[in-house]
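This report is an introduction for a reader who meets the structure for the first time. It takes up the sheets, the helices that lie across them, and the contacts made by aromatic rings.

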Amino acid sequence: MIRRLTVSNYRSLGEKVTVDFGQLTALVGPNGSGKSNVVDVLRFVADAMHTGLSGAISQRQGIAAVRKWSDGPPLNVSVHLELTLGTGSTAEYGFELNGNSAEEFRVKSEEARIAITGQDSDFFRVESGRWIGGPAGLVPAVDERSLALPLVGGDARFQPLLQELQQIAVYSIFPDTLRAPQKYDADRPMDRHGSNWASILKDQPQETWKPDLVAALQQLTGDTEDIRVAQAAGYLIVQFRHRSSGPESSPSPNNGHGEKWFDAGQESDGTLRFAGIVTALMQVPTVPVLAIEEPELTVHPGAIPLLYDFLSQASRHSQVLVTTHSPELLDLLDASDMRVVDRGPEGTTVRPMAASQVGAVKKGLLSLGDVLRTEGLQQELAFALGE
């Protein structure tokens with residue numbers, strides 16, 4: 001579980017932007033405020049643990065696209081995370097990137113520390129490509145273009161931290177990706193856009209997902225009776241069985257009743273995106289840290305409470321983070337789970353809601369959705385004034 005993120009100069013984010021996370025946290029703010037950039041910091045760290053720092057930067061079109069723009073010397077990008085690991089120990093991990101030109105980057109520093117109650121902390125520190133300190137006998141070959149944690153993650157002392165960061169999953173589900181036939185993919189967890197959605201459903205025991213997903217789709221569409229994964233010409237196709245209400249609803253020789261299977265390509269965007277999000281939330285093995293960008297997109301407002309039920313259920317076994325513009329979703333959240341994202345002259349800031357608005361919500365005078373509709377979510381005045 002990530003307790004706190006502190007980041008500087010990542011895309012639109014300014015200096016020392018701090019975000020405290022709970023078990024379920026919602027980032028809310030205007031378009032372009034930087035909500036997606038906060039989430040992408042977490043994905044950037046996860047990508048760096050999987051594909052290396054250079055790979056994570058290349059995926060984002062280079063360091064110039066990662067580093068906050070400056071009309072002076074290039075700004076240093078820094079990321080610092082405070083976590084509670086699955087082992088029950090606490091950890092801190094961070095790094096700082098610098099460079100002499102807009103297209104260059106080097107690892108200025110990197111540090112990790114893991115604390116187990118009643119024991120000495122395990123730590124390491126790297127500065128400018130030099131291993132400064134760490135456990136006895138552990139001296140990896142580091143350089144200025146790479147992070148050390150992926151190199152030492154095989155060590156039992158640092159493995160839980162590496163695995164926690166590798167298993168951060170950020171989802172922006174594309175209906176068209178779910179709609180197309182998919183080649184089998186054994187990679188886990190579910191892909192960011194859902195390109196291995198059919199494989200997830202095929203391999204996962206049906207009792208862990210099918211009853212709940214079918215029941216939810218039944219509530220969403222009113223006529224979905226079943227879901228399955230079929231194979232055709234080497235591809236996997238997710239199919240939905242619908243109950244027909246027309247003349248063809250009389251028993252047929254194929255299925256004995258008025259029901260028909262439809263490929264995912266024939267389903268609506270809302271149905272597919274809802275099914276993809278629910279699959280991400282219910283996948284096994286579970287994902288320790290799971291973020292979903294704007295889960296309400298293409299989903300009918302009346303289905304938001306159903307979607308919230310799955311978000312809430314997932315937060316019992318995973319840490320869940322969402323970005324949202326939906327008043328309907330906010331109405332179901334607690335004010336303490338809200339983080340207001342705002343973009344000013346110095347970059348993006350993230351803070352809790354203004355105390356006056358929180359007070360109005362707690363007194364029952366307004367709902368979170370009402371606040372968003374009428375006056376917009378506001379940060380504490382002191383923070384807005386830079387105090």
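## Helices across the seven-stranded sheet

The model is predicted. In it, helix α5, which covers residues 159–166, lies across β4, β5 and β6, and its direction makes an angle of about 110 degrees with that of β4. Helix α1, made of residues 35–51, lies across β1 (2–8), β2, β4 (77–84) and β5, and runs at about 95 degrees to β1.

## The sheet of seven strands

The strands just named belong to an open sheet of 7 strands, whose order is β2-β1-β4-β5-β6-β7-β8 and whose pairing is antiparallel. At the edges stand β2 (17–20) and β8 (130–133), and each of these has a single partner strand, so one side of each is left without a neighbour in the sheet. On average, and with direction ignored, neighbouring strands of this sheet are turned by 10 degrees against each other.

Within this sheet, strand β5 (residues 90–98) pairs with strand β6 (residues 106–115) in the antiparallel sense, and the pairing extends over 9 bridges. Glu 96 stands opposite Ser 109, a residue of β6.

## Aromatic pairs

The structure holds 6 aromatic pairs. One of them is formed by Phe 44 and Phe 95, and this pair is tilted, with 6.4 Å from centre to centre and 55 degrees between the planes. Phe 44 lies in helix α1 and Phe 95 lies in strand β5, so the pair ties together parts that are 51 residues apart in sequence. Both Phe 44 and Phe 95 are buried, and these two residues also belong, together with Tyr 10 and Tyr 93, to one aromatic cluster.

Another aromatic pair is that of Phe 124 and Phe 158, which is edge-to-face, with 5.3 Å between the centres and 75 degrees between the planes. This pair links distant parts of the chain, since Phe 124 lies in strand β7 (residues 122–127) and Phe 158 in the loop between α4 (149–152) and α5, with their positions 34 residues apart. Phe 124 counts as buried because its relative accessible area is 0%, under the cut-off of 20%. For Phe 158 the relative accessible area is 0%, and so Phe 158 is buried.

## The sheet of three strands

A further open sheet consists of 3 strands in the order β10-β11-β12, again with antiparallel pairing. Its edge strands are β10 (224–232) and β12 (259–263), each of which pairs on one side only. Here neighbouring strands are turned by 30 degrees against each other on average, with direction ignored.

Strand β11 (residues 235–243) is joined to β12 by 5 bridges, and the two strands run antiparallel. Phe 240 stands opposite Phe 262, which is in β12. Helix α8 (residues 210–221) lies across β10 and β11, and runs at about 120 degrees to β10.

## Arginines over aromatic rings

Two contacts between an arginine and an aromatic ring complete this account. The charged end of Arg 228 sits over the ring of Trp 261, at 3.8 Å from the centre of that ring. Arg 145, for its part, lies over the face of Phe 105, where the distance from the ring centre is 3.9 Å.

Terms used: Residues numbered from 1 in each chain as written. Predicted model: local features only at pLDDT ≥ 70, side-chain atom pairs only at ≥ 80, totals over all residues. Heavy atoms only, no water. Pairing = 2+ DSSP bridges. Helix = DSSP H or I, 4+ residues; strand = E, 2+ residues; numbered from the N terminus. Axes fitted to C-alpha atoms, helices over the stretch in contact; angles between N-to-C directions. Contact = heavy atoms within 4.5 Å. Phe/Tyr/Trp six-rings, centres within 6.5 Å; stacked < 30°, edge-to-face > 60°. Buried < 20%, exposed > 50% of the residue type's maximum accessible area, 1.4 Å probe, protein only. Lys NZ or Arg CZ within 6 Å of the ring centre and 35° of its normal.
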